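Colleague: Before I use this model, I would like to go through its helix packing, its core and a few single residues. Can we take them one at a time?

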Amino acid sequence: MPLYGRPMRKLTRSHMQLKVNQTFSPNNPSLDSILDIREFEYYAQNKLPESITTFFSRGAGHEVTLKENVSAFDRIKLLPRVLRNVAKRSLLTTVLNQPVDFPLLVSPMAFQRLAHPEGEVAVAKAAQAHNIIMAVSTLSTYSLEEITANTKIPPWFQLYIYKDREITKNLVQLAEASGYQGIVLTVDTPIYGKRIKELRTPLTLPPEFEIKNLIAAGLPLKDVSSSKLAGYLASLLDPSLSWNDITWLQSLTPLPIILKGIMNPKDMQIAIANSVEAVIISNHGGRQLDTTLSSIEVLKLMKGLGDGKIEIILDGGIRKGIDILKALALGARAVMVGRPILWGLAVGGEEGVKRVLTILKAELDLAMALCGYSSLHQINEEVLHFPDKYP
Ligand SMILES: Cc1cc2nc3c(=O)[nH]c(=O)nc-3n(C[C@H](O)[C@H](O)[C@H](O)COP(=O)(O)O)c2cc1C
């Protein structure tokens, strides 16, 4: 039956071609055919073994925070401004005085060779191609120097404080000597969260993996079997970590200290009082304490606290450019992105990560244009509408 009385058109060869190009090919997608971060997740999960997918994607407890980190963004609706000449737009900014092409940093994530043989090196090259900063985990599968040898943009080093303070001190010195430009101290992990799915499908690190940074810092890891390595590393974390250690860390290094995992306004005030350079509002991507507020809700709670005193970065749940715009509108200097980077890495190595970053950047640019903004400093809360009971 013709629709609305019009005869149906026959599909021509070029229509068919278009259809074929837009169809998912789960086994071998071309990177250009991937349009959205969710599609990267789908392809990565098809490709990786279950224990790795579980380690990358799952969260703590019943995964309430894991889901909320993403869905809390969508509950904020937009009230776009119009007729504001958005013909020329700029996404350029600085993060702790470092010029970057757009306000996104790569979150620190352990064991990136699980996603792709080039692991952290591929991510560093992709971050360099986009002129953005990467944070490298203490538990990277390439050494700190191997990573900096492959990029001209000095990364940040993410530090866990271990019971053995000599090891911690050596790690900081290694990072400094290798040209890192900031120390990201993760403060939400005095002990390891309860990740039920991970406990059911445990990760065994391949025997050829070496946690080179910890070995270089003096930990005798060579004697630990690969099946026990992840548990052993977790047992080294120091649960006695306190604000005194921030002062100790500041005495060790001239590098800026960035606290990752601040969630409570009271802790934000203490961070400011302790002259910390930046904080990352983060619940570790829902991997530590379940049922915390989502990161974007916490950012809203912190409104006004950081103004002119400290840079605030939001981490957790960013899956599209619109999410970045919402975080900037609530006062974030920039956002950090975790899992989408691993999905890009798994699907296409360095090129896959570049494509993930290209998608997020283009989506931010589009969101800005459609909300009436031509530069980042114009973005503000007037375009956001919150549902009842949003903090
Ligand atoms: C596989 C994986 C490994 C991680 N490893 C670390 C780590 O070594 N240190 C750290 O501070 N955070 C680590 N994180 C947390 C991330 O830095 C970040 O907080 C989180 O992934 C952000 O959420 P998102 O994935 O929704 O973007 C890890 C996250 C994932 C998914």
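Colleague: At roughly what angle do the axes of α2 and α15 cross?
Modeller: This is a predicted model, and in it the two axes come within 10 Å. Angles over 145 degrees count as roughly antiparallel. That makes α2 roughly antiparallel to α15, with a crossing angle of roughly 165°.

Colleague: Is the crossing of α2 and α15 left-handed or right-handed?
Modeller: On the α2 side, I37, F40, E41, Y43, A44 and K47 take part in the contact. They meet P340, W343, G344, A346, V347, V356 and I359 in α15. The crossing of these helices is right-handed.

Colleague: Which residues of α2 are buried, and which helix is included in what covers them?
Modeller: Helix α2 covers residues 37-47. Its buried residues are I37, F40, E41, Y43 and A44. Their cover includes α15.

Colleague: How are α5 and α15 oriented to each other, roughly parallel or roughly antiparallel?
Modeller: The axis of α5, residues 119-129, comes within 8 Å of that of α15. The two cross at roughly 20°, and angles under 35 degrees count as roughly parallel. The orientation of α5 and α15 is therefore roughly parallel.

Colleague: Which residues make the contact between α5 and α15?
Modeller: α5 passes α15 in a left-handed crossing. From α15, the contact takes in I341, L345, G349, E350, V353, K354 and L357. From α5, it takes in A122, V123, K125, A126 and A129.

Colleague: What is the orientation of α14 relative to α15?
Modeller: The axes of α14, residues 321-329, and α15 come within 7 Å. They cross at roughly 60°, and the crossing is right-handed. G321, I322, I324 and L325 of α14 make the contact with L360, E363, L364, L366, A367, M368 and C371 of α15. With that angle, α14 and α15 are therefore oblique.

Colleague: Which helix gives the most residues to the largest nonpolar core?
Modeller: The largest nonpolar core has 111 residues, and I183 and V335 touch the most other members. The helix that gives the most to this core, with 15 residues, spans 339-371 and is α15.

Colleague: Which residues does I183 touch, leaving out those up to four places away in sequence?
Modeller: I183 is one of the two residues that touch the most other members of the largest nonpolar core. Beyond four places in sequence, the residues that I183 touches are F157, L159, V172, A175, L249, T253, L255, I257 and I258.

Colleague: Is E198 in helix α8 exposed or partly exposed?
Modeller: The C-alpha atoms of E198 and G59 are separated by 8.4 Å, with their places 139 residues apart along the chain. E198 also touches T54, F55, R58 and L203, not counting residues up to four places away. There are 19 other C-beta atoms within 10 Å of E198, and a buried residue needs 20 or more. E198 is therefore partly exposed.

Colleague: What distance separates the C-alpha atoms of P202 and S227?
Modeller: P202 is in the loop between α8 (196-200) and α9 (212-216). P202 is exposed because 12 other C-beta atoms lie within 10 Å, and 12 or fewer is the cut-off. P202 and S227 are 25 residues apart along the chain, and their C-alpha atoms are separated by 9.1 Å.

Colleague: Is E166 buried or exposed?
Modeller: E166 lies in helix α7, residues 165-177. Its C-alpha atom is separated by 10.0 Å from that of L219, 53 residues apart along the chain. With 10 other C-beta atoms within 10 Å, E166 is exposed.

Colleague: What is the approximate phi of T291?
Modeller: T291 lies in the loop between β9 and α13 (295-301). With 13 C-beta neighbours inside 10 Å, T291 counts as partly exposed. Its phi is positive in a residue other than glycine, near 70°.

Colleague: Over which residues does pLDDT stay under 50?
Modeller: The mean pLDDT of the protein is 92, and 93% of its residues reach 70 or more. Where pLDDT is low, the predicted coordinates should not be read in detail. The model has four contacts beyond four places in sequence for the stretch with pLDDT under 50, residues 1-22.

Technical notes. Residues are numbered from 1 along each chain as its sequence is written. This is a predicted model: local features need pLDDT of at least 70, side-chain atom pairs count only at pLDDT 80 or more; totals for chains, interfaces and linings use all residues. Helices (H or I, at least four residues) and strands (E, at least two) are DSSP runs, numbered from the N terminus. pLDDT is the predictor's confidence in each residue, from 0 to 100. Two residues are in contact if their C-beta atoms, placed from the backbone, lie within 7 Å. A nonpolar core is a set of buried Ala, Val, Leu, Ile, Met, Phe, Trp, Tyr and Cys residues joined through C-beta atoms within 7 Å. Axes are lines fitted to C-alpha atoms, for helices over the stretch in contact, and angles run from 0 to 180 degrees between N-to-C directions. Angles under 35 degrees count as roughly parallel, over 145 as roughly antiparallel, 65 to 115 as roughly perpendicular and the rest as oblique. A crossing is left-handed if the near helix is turned anticlockwise from the far one by less than a right angle, and right-handed if clockwise.
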